[in-house]
Amino acid sequence: MIMGCVHMRGYRCEDEQELISLWNDVMPFDQIDVRTFRRKVLLDPNFDPNMLIIAEVDGEAVGFCLCIIRKMPMEKVGLEEGRSWITAFGVHPLHRRKGIGKALIEHALAKLEDAGANEVLVSPYTPNYFIPGVDEERYSDALNLLYRFGFKVISSAVSAEANISTLDLNAFSGYEQRVSREGVKVRPLQPNEITKLLQFLESHMPGDWLRHARELLIKATYGFCDYDQFIIAERDGELLGYCQFDGEHFGPIGVREDVQRMGIGSALLSKCLQIMRSKGLHNAWMMWTSEELVKRFYSKFGFRISRRFCILSWRKCSY
């Protein structure tokens with residue numbers, strides 16, 4: 001394949017089905033359906049069709065790169081001027097090793113730079129990331145390609161999961177008993193406590209946690225999920241921590257900084273897993289955490305690392 005046959009262009013409405021099929025061939029461990037594509041790509045407030053780059057050969061889409069620059073400010077972080085993201089990219093397996101991936105990344109970096117970006121991250125974009133970064137094992141070719149462009153690993157993340165159907169949850173009852181002696185109650189959220197939870201999140205947790213909780217609360221308001229998917233720790237009417245789950249997806253979980261190391265996090269997770277299992281769920285998984293946290297905290301609840309990711313950064317001066 002000669003490079004002159006590759007044409008780069010922006011996304012068009014008629015690309016939807018072909019692009020989803022291509023995505024699932026390119027990223028077989030992170031496949032999406034049409035609803036996810038519309039919700040997390042097309043309906044993202046920062047989506048720009050010209051920044052969803054399609055690599056085309058003889059009229060066939062053979063590669064893509066989804067680039068993001070904020071147009072709408074994010075809670076607690078604003079517009080993050082100068083920063084941009086690549087959240088998903090790749091070339092169809094039958095068209096690899098022909099220079100298409102190189103041309104795709106070159107084109108993406110040029111477009112992002114022209115749009116004012118001096119930093120490109122892969123891929124910790126909120127609210128609509130798909131995976132934390134590049135899977136070290138499953139997408140090693142993509143990782144090596146980014147290295148050749150000067151991308152540097154700036155942090156790492158892991159996914160973890162637990163088979164909660166086989167856990168002896170009675171063994172975890174001591175966590176709740178321990179914090180109760182300190183006057184802390186761990187229980188499901190009540191509907192009239194929505195404002196209290198949102199104020200707690202706004203004051204003590206990252207901005208994206210607030211957005212994530214708000215979205216799940218809206219689903220609960222319409223009856224599409226239950227309020228007991230939010231578990232809170234409170235003392236004398238004051239929130240100290242919380243966690244949530246949506247289906248088998250667990251998290252996030254957070255405890256106010258000044259009351260950490262009291263066992264509140266363990267009590268929250270224990271209660272959460274009990275509720276998840278009472279709903280007939282067999283597994284719990286989280287997409288993004290640190291290896292250190294899995295070893296120190298989550299492993300005692302049966303969580304094991306399932307994937308490892310590199311989070312990368314490219315800066316204008318390094319290219």
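Two residues are in contact here when their heavy atoms lie within 4.5 Å. With that in hand, a look at this predicted model can start at Glu-56, a residue of strand β2 (residues 52-57). Leaving out its neighbours within four places in sequence, Glu-56 touches Cys-5, Val-6, His-7, Arg-9 and Ala-61. With one of these, Arg-9, the side chain of Glu-56 also makes a polar contact of 3.0 Å. The relative accessible area of Glu-56 is 14%, and since anything under 20% counts as buried, Glu-56 is buried.

Helix α4 (residues 140-148) comes next. Its buried residues are Leu-143, Leu-145 and Leu-146. Looking down the axis of α4, these buried residues fall within an arc of 160°, so they line one face of the helix. What do they pack against? The buried residues of α4 pack against β4 (83-91), α3 (100-114), β5 (119-122), β6 (134-135) and β13 (304-315). After α4 comes Gly-150, which has a positive phi, near 95°.

Now for the charged residues. Side chains of opposite charge can pair when their charged atoms come close. Across the whole structure, a search turns up 27 salt bridges. One of them joins Glu-119 and Arg-315, at 3.3 Å from N to O. This pair ties together distant parts of the chain: Glu-119 sits in strand β5 and Arg-315 in strand β13, 196 residues apart. Glu-119 is buried, at 7% relative accessibility, while Arg-315 is partly exposed, at 43%.

Another salt bridge links Arg-83 with Glu-80, at 3.1 Å from N to O. Here Arg-83 is partly exposed, with 29% relative accessibility, and Glu-80 is buried, with 18%. These two pairs belong to a bigger picture: Arg-70, Glu-80, Arg-83, Glu-119 and Arg-315 are linked in a network of salt bridges.

Helix α9 (residues 291-296) holds a pair of its own, with Lys-295 and Glu-291 four residues apart, about one turn of the helix. Their closest N and O atoms are 3.4 Å apart, and they form a salt bridge. Lys-295 is exposed, with a relative accessible area of 57%, whereas Glu-291 is partly exposed, at 29%.

Finally, the surface has a nonpolar patch of about 400 Å², made by Ile-218, Tyr-222 and Phe-224. Tyr-222 lies in the loop between α7 (207-221) and β9 (230-235). Is Tyr-222 buried or exposed? Its relative accessibility is 61%, and because the exposed class starts over 50%, Tyr-222 counts as exposed.

Definitions and conventions: Residues numbered from 1 in each chain as written. Predicted model: local features only at pLDDT ≥ 70, side-chain atom pairs only at ≥ 80, totals over all residues. Heavy atoms only, no water. Patch = residues over 30% accessible without salt bridge, like charges linked within 9 Å, V, L, I, M, F, W, Y side chains within 5 Å. Areas by Shrake-Rupley, 256 points an atom, 1.4 Å probe, with all protein chains shown as cover. Salt bridge = Lys/Arg side-chain N within 4 Å of Asp/Glu carboxyl O. Helix = DSSP H or I, 4+ residues; strand = E, 2+ residues; numbered from the N terminus. Buried < 20%, exposed > 50% of the residue type's maximum accessible area, 1.4 Å probe, protein only. Polar contact = N/O pair within 3.5 Å; in protein donor to acceptor, adjacent residues only side chain to side chain. Arc of directions from axis to C-beta.
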